[in-house]
Amino acid sequence: EIVEIEEEKPNWFLLWFGQKKVLLTALIGMFFFVGSFFVLLSYKWISVSIADKQKKDANQVTDSAFIILHLKNKEFTLNLMDIGYDGSHTETIDKIALRDWFEGVKQQVTVSPKNADLEKLGNKIVPEKNGYTLNNNQLETWIKNPEQIINEPQELSLIVTKPAITKDILQRVTKKEIASYTTYYDTHNANRTANLKIASRTLNNVVIFPGEIFSFNQTVGKRTVQKGYRIAQVIVKGEYNEGIGGGISQVSSTLFNAVDQVGLTILQRFSLSPKGTFVPAGRDATVAWDGPDFRFENNLHMPILIRVQLA
């Protein structure tokens, strides 16, 4: 029996598809391989780039580094590069130079307080005035931690400084007597008496502030005829002579003995009397305009007032 065998025809679609499948698979595999390699390289490049940027940021040097301070309409600027700053590490700043600069700013803005003033009792009292200076705590913080204010403008903080002598203190200066001394003179000696009165009137009610130095000659001034002084007996080199303003050494000697009771610092005194007259021997304070002077310092914490009375 003859059996007819039907020849099997190839399925070209399947064959083509099979071939393409292999090719496609190969292409896809290659794509993933190349893609993975590219991604790996890209990741490495990105990682290196980021790391490099971070390294540059860490080592970056600041081009400008200033301390800028303001006080009202004033500005104070310091370029930290001028005192050693490397732009990155604040420990390179010369702290001594930085402190000196701050002290310079402090001196420029500091206003010293002014005591109330009274030249003589009975005159109008000039009221006191407060002073101002920088806040030292603020300055110390900035000196220790300058990185807090680099290129960040800051407003200066002021504190008030009070004067030692106020108007109220001067108004009470006559309330307490701390020392007194009395000497006697001959009222019949008209010229000498006139000189005593003029010098006493000039000296009366003079106020001497704490730390102030008193000079009898500078306070009383030169003894001249124009001021009313007369010729009277004076002591020159331990001997009695005649001269303008003779006799006023009694005023300076009386003042010395009162001052000495309080313990004020005597800076200059000459004992030139040949013998005790209006004061015990050795207790005089001889003065002359072009010669000896009587000077002392008020070493108390309060002002003192000189009162001179002639009976």
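Start by selecting F214, F256, F294 and F296, which ring pairs link into a cluster. The model is a predicted one. A pair of aromatic rings is described by the distance of the centres and the angle of the planes. In this structure the count comes to five aromatic pairs.

Now keep F256 and F294 on screen. Their rings form an edge-to-face pair, with 5.9 Å centre to centre and 85 degrees between the planes. Show the backbone around both residues: F256 sits in helix α7 (residues 249-262), while F294 lies in the loop between β10 (265-268) and β11 (295-297). The two residues are 38 residues apart, and the pair links distant parts of the chain.

Switch on the surface. F256 has 3% relative accessibility, so F256 counts as buried. F294 is buried as well, because its relative accessible area is 0%.

Next, select F294 together with F296. This aromatic pair is tilted, at 5.6 Å centre to centre and 40 degrees between the planes. F296 has 0% relative accessibility and therefore counts as buried.

Leave the rings and move to helix α5, residues 190-203. Helix α5 has 14 residues. From its first C-alpha to its last, α5 reaches 20 Å, close to the 20 Å expected at 1.5 Å a residue.

Which residues of α5 are buried? Select R192, T193, A194, N195, L196, I198, A199, S200 and L203 to see them.

The last stop is N205, just after α5. Look at its backbone: N205 takes a positive phi of about 70 degrees.

Definitions and conventions. Residues numbered from 1 in each chain as written. Predicted model: local features only at pLDDT ≥ 70, side-chain atom pairs only at ≥ 80, totals over all residues. Heavy atoms only, no water. Phe/Tyr/Trp six-rings, centres within 6.5 Å; stacked < 30°, edge-to-face > 60°. Helix = DSSP H or I, 4+ residues; strand = E, 2+ residues; numbered from the N terminus. Buried < 20%, exposed > 50% of the residue type's maximum accessible area, 1.4 Å probe, protein only. Expected span 1.5 Å × (residues − 1).
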